[in-house]
Amino acid sequence: MGANYVDLVLRRLHDVAREIDEDDLQPLLCSFKCSMEPASENFLRNVALGHEKNDISRTYLFLEKTNSDVNTIKGFFTVAVKCLAIGEHHCIPDGISRQMNIDRGIAQSYLLGQLAKADGAEKGFGREMISRALGIFSKNNEMVGCRVARLDCRDDLLEYYKSCGFAFIGKNQNGILNQMVVII
Ligand SMILES: CC(C)(COP(=O)(O)OP(=O)(O)OC[C@H]1O[C@@H](n2cnc3c(N)ncnc32)[C@H](O)[C@@H]1OP(=O)(O)O)[C@@H](O)C(=O)NCCC(=O)NCCS
């Protein structure tokens, strides 16, 4: 993590939940505010822990100590394994397609399912979170293989994710979200 982020720690939600009182966990999760994407607040409060328990996904929190020594959540991301079905509508740049190990129309991949920073977090913090998520995927790649990371985003974030190194490969099934991949 860069020098600007020395006061931040990245913790798995599961570990935080084990270490603090149940009575303190929900207020901590509820304190996370992301006005640009309120659905992310709902995911963190009501869904993330259940997905941890069922081994569906892992949520990582960026915790920052405030002056009063209380932790606040500056941002979080959620990662999972989710294969990618490649259809005729996909248009994958050759250089990327060759590296995706597509087998009978399926590419194994890691999913960056959620990414949100708290209101007030500085511009660019999202890139730091993406870099940390890709670092986790890289470690998994070393241990078990699989070099594709993916995410789905709305049109208004397409250029942003391109600027973070992701390539657009096509729309998802309902035609609303953009499927993006990066080789790690
Ligand atoms: C996505 C995010 C982590 C990126 O953080 P960052 O790297 O610090 O970059 P910024 O916050 O400056 O966002 C980059 C651009 O995307 C835009 N953007 C971010 N989230 C957006 C959203 N939900 N809807 C529309 N535009 C959004 C920003 O306005 C910004 O546009 P600009 O460059 O024209 O100012 C952060 O903006 C965020 O938490 N957004 C809300 C949650 C979200 O939408 N997550 C994406 C789910 S796919």
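This briefing covers the aromatic contacts, the ligand surroundings, helix H5 and several loop residues of the structure above. The model is predicted, and every value given here was computed from it. Phe-125 recurs through the account: its ring pairs edge-to-face with that of Phe-62, its backbone offers a polar atom 3.2 Å from an oxygen atom of the ligand, and Phe-125 is listed with the buried residues of H5.

**Aromatic contacts**

- A search of the whole structure returns 8 aromatic pairs, and one of them joins Phe-62 to Phe-125 in an edge-to-face arrangement, with 5.3 Å between the ring centres and 80° between the planes.
- This pair links distant parts of the chain, since Phe-62 belongs to strand S2 (residues 58-65) and Phe-125 to helix H5 (residues 125-144), with 63 residues separating them.
- Phe-62 has a relative accessible area of 0% and is therefore buried, the cut-off being under 20%; Phe-125, also at a relative accessible area of 0%, is buried as well.
- Phe-62 and Phe-125 are members of one aromatic cluster that also includes Tyr-60 and Phe-77.
- The ring of Phe-125 has a charged neighbour too, for Lys-74 lies over its face at 4.5 Å from the ring centre.

**Ligand surroundings**

- There are 18 residues around the ligand, and those that come nearest are Leu-115, Lys-117, Lys-123, Gly-124 and Tyr-160.
- Tyr-160 places an N or O atom of its side chain 2.6 Å from an oxygen atom of the ligand, while for Arg-127 it is a backbone N or O atom that lies 3.2 Å from a ligand oxygen.
- Phe-125 likewise approaches through its backbone, a polar atom of which is 3.2 Å from an oxygen atom of the ligand.
- Taken alone, the ligand exposes 840 Å², of which the protein buries 71%.

**Helix H5 and the residues after it**

- H5 comprises 20 residues and spans 29 Å from its first C-alpha to its last, which is close to the 28 Å expected at 1.5 Å a residue.
- The buried residues of H5 are Phe-125, Gly-126, Glu-128, Met-129, Ile-130, Ala-133, Leu-134, Ile-136 and Phe-137.
- As background to such a list, an α-helix has 3.6 residues a turn, so residues three or four places apart point the same way.
- Just after H5, Gly-145 adopts a positive phi of about 90°, and Cys-146, although not a glycine, has a positive phi of about 105°; Cys-146 is located in the loop between H5 and strand S7 (148-153).

**Other loop residues**

- Arg-104, in the loop between helix H4 (94-97) and strand S5 (106-107), has a positive phi of about 50° despite not being a glycine, and its relative accessibility of 77% makes it exposed.
- Thr-66 sits in the loop between S2 and strand S3 (71-81), where it is partly exposed at a relative accessible area of 30%.
- Although Thr-66 and Asp-7 are 59 residues apart in sequence, their C-alpha atoms are 9.5 Å apart in space.
- His-90 occupies the loop between strand S4 (84-85) and H4 and counts as buried at 11% relative accessibility; the side chain of His-90 makes a polar contact of 2.6 Å with the side chain of Gln-179.

Terms used:
Residues numbered from 1 in each chain as written. Predicted model: local features only at pLDDT ≥ 70, side-chain atom pairs only at ≥ 80, totals over all residues. Heavy atoms only, no water. Phe/Tyr/Trp six-rings, centres within 6.5 Å; stacked < 30°, edge-to-face > 60°. Helix = DSSP H or I, 4+ residues; strand = E, 2+ residues; numbered from the N terminus. Buried < 20%, exposed > 50% of the residue type's maximum accessible area, 1.4 Å probe, protein only. Lys NZ or Arg CZ within 6 Å of the ring centre and 35° of its normal. Near = heavy atom within 4 Å. Polar contact = N/O pair within 3.5 Å; in protein donor to acceptor, adjacent residues only side chain to side chain. Areas by Shrake-Rupley, 256 points an atom, 1.4 Å probe, with all protein chains shown as cover. Expected span 1.5 Å × (residues − 1).
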